[in-house]
Each structure stands twice: as structure tokens, then as C-alpha cells.
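Hello,

Here is the structure I said I would pass on. My notes come after it.

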Amino acid sequence: RDGHGPALSLVHRHVFGLKPDVKNNVHYAEETQIIYPAGTNAVLWQADQKQQKIFQGHEDGQGLTCMAVNSTKRYLAVAEKCYEGAICTIFDLVTAKKRKTLSWPESDAPEFLCVAFSADSKYLITQTGRSPSAKHDWSLLYWVWDKQRVMASIKVSNPQNSLIRECSFNPTDSSIVCVIGDGILK
């Protein structure tokens, strides 16, 4: 703005590329719709209409780390690395609007390494990686995501502090979760 006219804003029209280091980086929303990460955005490519819906990352985000789509293909969870603390944003794929942003202020872990929705889409789990203080290394968080509330948290690594690679819900009982890592199956 030069002080003489209205403020200008930029809007994404197209986003090109693929960020390959994002866990679970390609999802089908519908038969002709694909979701993938590009830069600091998640993109919904509507192949039949040759259009994109762009879900912008958090302004303080350092890049996407993992994604998940719920069982009804209505919601997209995008986790981002943030030096102030990991962030997970839930987007509505139908309206293309942000629904909730989840963060855990007690933790200094900068990223969530995996994210998953329960089969009924009421709950979400996120798995942190290593934290600078080591206090919150490998914390699994169980969220009621629409209320932005952590229901439970637990450190899930072993005494060797091994890497956690994946977390998921039991498909029939959302009170049971599974965590897999290097020498770990819980």
C-alpha cells in the first residue's frame, strides 16, 4: 500500500507441485477429486472441473507434516510444523472453510508426525515427535476435535526413545488406538 489507494490482497488461483515428504500425502475426496500438499498448502484438485480449492497453511507454519481425511470424505486434517508448537487444522472439504485449529500449549513439540480420524469422525489422534525439552517427546494426543479439547495424552515411545511412524484408530471402537514405530507396537 502506498498510502494513496486501498490495500491490496493476494489470492491463490493455482498452486503447482507436490510436497513429497508429507505423510499420507494423497487422498481421494471423490472419484474425480484428489487432495495433495503443495508448498505450505493442501490442494483439492477437481479434475472434472479442472479447478483447485486451496487450503492455506497457518501463517506461522514451517510446512505440512501429515494429512488425514475422515471416513465420509467431509473433513481434512492438516498438521504443520510450527516452532511455537505443533498445529493441526481441520478443513471442511465441501465448504472449503477452516473448521478448527488444534494446538497443545503445554507442549514444546514443534510438529505432529501423524494424524488420524476415528471411524465416526468425532475424535482425532495426533502424534508428536521429539520436543526440544524432551518433556513431550512422542506424545499421543486424543482430541474431541470439534471442541478443540484434548481428552487424553500419553507418551508412547520406549526407553530408547524410538521413532513413532504411524497412529490409527480401531475401526469399530474409537476408544482403542494403535501406535507403530521402530520396535514399537502399542
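Below are notes on one sheet, two buried polar residues and the salt bridges.

Please keep in mind that this is a predicted model.

**The sheet**

Start with the open sheet of four strands. Its order is β9-β10-β11-β12, and the pairing is antiparallel. The edges are β9 (112-117) and β12 (149-155), each of which pairs on one side only. From one strand to the next, the twist averages 20°.

Look next at β11, residues 139-144. Six bridges join β11 to β12, and the two run antiparallel. In this pairing, Ser139 stands opposite Lys155 of β12.

**Gln127**

Strand β10 covers residues 123-128 and contains Gln127. Is Gln127 buried or exposed? Gln127 is buried, because its relative accessible area is 0% and the cut-off for buried is under 20%.

What does the Gln127 side chain reach? One partner is the backbone oxygen of Trp138, at 3.2 Å. The backbone oxygen of Ser139 is also there, 3.4 Å from a polar atom of the Gln127 side chain. This is the Ser139 that stands opposite Lys155.

The contact list of Gln127 leaves out neighbours within four places in sequence. It includes Glu111, Phe112, Leu113 and Cys114. Trp138, Ser139 and Leu140 are on it too. Val156, Ile164, Cys167 and Val179 are also in contact with Gln127.

**Glu80**

Glu80 sits in strand β6, residues 75-80. Glu80 is buried and has no salt bridge. Which side chain of opposite charge is nearest to Glu80? That is Lys98, and it is 7.1 Å away. A salt bridge would need the nitrogen and the carboxyl oxygen within 4 Å.

Glu80 does have a backbone partner. A polar atom of its side chain lies 3.0 Å from the backbone nitrogen of His58. Beyond its neighbours within four places in sequence, Glu80 is in contact with several residues, including Gly57, His58, Gly61, Gly63 and Leu64. Thr65, Ala86, Ile87 and Thr89 are also among them, as are Pro110 and Glu111. Glu111 also appears among the contacts of Gln127.

**Salt bridges**

How many salt bridges does the structure hold? There are four. Here are notes on some of them.

- Lys19 and Asp21: the closest N and O atoms are 3.0 Å apart. Asp21 counts as exposed, because its relative accessibility is 57% and the cut-off for exposed is over 50%.
- Lys23 and Glu166: the closest N and O atoms are 3.8 Å apart. This pair links distant parts of the chain, 143 residues apart. Lys23 is in the segment before β1 (27-30), and Glu166 is in strand β13, residues 164-169. Lys23 is partly exposed at 26% relative accessibility. Glu166 is partly exposed, with a relative accessible area of 26%.
- Asp182 and Arg165: the closest N and O atoms are 2.7 Å apart. Asp182 lies in the loop between β14 (177-181) and β15 (184-185), and Arg165 lies in strand β13, so the pair ties together parts that are 17 residues apart in sequence. Asp182 is partly exposed at 34%. Arg165 is partly exposed at 42%.

Strand β13 therefore has a residue in the Asp182 pair, namely Arg165. Glu166, from the pair with Lys23, is in β13 as well.

Best wishes

Key
Residues numbered from 1 in each chain as written. Predicted model: local features only at pLDDT ≥ 70, side-chain atom pairs only at ≥ 80, totals over all residues. Heavy atoms only, no water. Pairing = 2+ DSSP bridges. Axes fitted to C-alpha atoms, helices over the stretch in contact; angles between N-to-C directions. Buried < 20%, exposed > 50% of the residue type's maximum accessible area, 1.4 Å probe, protein only. Polar contact = N/O pair within 3.5 Å; in protein donor to acceptor, adjacent residues only side chain to side chain. Contact = heavy atoms within 4.5 Å. Lys, Arg positive; Asp, Glu negative; His and termini not counted.
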